[in-house]
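Q: Please take a close look at one part of this structure and describe what surrounds it. A connected account is preferred to a list.

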Amino acid sequence: MQVAAALIGIVAIATVLGLVWRASQGRVTTATGSIEGIELGGSDTLLQLSSEVCAPCRATAKVLGGIREHGVHHIEVDIADRPDLASRFNVLQTPTTLILDASGAVRARIGGAVRRD
């Protein structure tokens with residue numbers, strides 16, 4: 001009986017943690033810093049940090065690429081090619097999208113797959 005109660009407790013805790021983690025994915029959070037060595041667009045730039053084996057990265061690239069019609073530049077960078085960016089901005093998951101202003105300053109970041117809204 002105690003084993004069953006312990007298992008139910010573990011499942012409940014894991015479920016709550018999973019729901020909290022999922023709710024945080026794709027949300028915009030504030031960030032600071034600047035990027036050098038990346039060719040920026042004329043206004044805002046979405047810098048997507050991806051990896052080759054990341055399935056959500058392809059979907060994110062499609063969503064962000066569709067935003068170009070609104071004058072926002074989209075760049076996708078493989079973190080294997082730029083590990084300095086992954087380290088500098090503490091990228092723990094792919095995709096991670098950094099929102100840059102026209103001067104290259106990081107204004108916000110989105111962890112996980114982005115949503116069109």
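A: Contact here means heavy atoms within 4.5 Å. The model is predicted. With that cut-off, and leaving aside neighbours within four places in sequence, S50 is in contact with C57, E76, V77, D78, I79 and T94. S50 itself lies in strand 2. Its relative accessibility is 2%, so S50 counts as buried, the limit being under 20%. The side chain of S50 also makes a polar contact of 3.0 Å with the side chain of E76.

C57, one of the residues in contact with S50, belongs to a disulfide. C57 is joined to C54, with an S to S distance of 2.2 Å. This link is right-handed, with 90° about the S-S bond, and the count of disulfides comes to one. C54 is buried at a relative accessible area of 6%, and C57 is buried at 2%.

V77, another contact of S50, is part of the largest nonpolar core, which has 11 residues: L47, L49, I75, V77, L85, A86, F89, V91, L98, L100 and V106. Strand 2 (45–50), strand 3 (73–78), helix 3 (83–88) and strand 4 (96–100) each give two or more residues to this core. Apart from this core lies another, of six residues, including L64, V72, I110 and V114.

I79 is in contact with S50 and also with A86. Outside its neighbours within four places in sequence, A86 is in contact with V91 as well.

Definitions and conventions. Residues are numbered from 1 along each chain as its sequence is written. This is a predicted model: local features need pLDDT of at least 70, side-chain atom pairs count only at pLDDT 80 or more; totals for chains, interfaces and linings use all residues. Side-chain values use heavy atoms; hydrogens and water are left out. A nonpolar core is a set of buried Ala, Val, Leu, Ile, Met, Phe, Trp, Tyr and Cys residues joined through side-chain atoms within 4.5 Å. Buried means under 20% relative accessible area, exposed over 50%, partly exposed in between (1.4 Å probe, protein chains only). Helices (H or I, at least four residues) and strands (E, at least two) are DSSP runs, numbered from the N terminus. A disulfide is a pair of cysteine sulfur atoms within 2.5 Å. A polar contact is a pair of N or O atoms within 3.5 Å; within protein, one must be able to donate a hydrogen and the other to accept it, and residues adjacent in sequence count only if both atoms are side-chain atoms.
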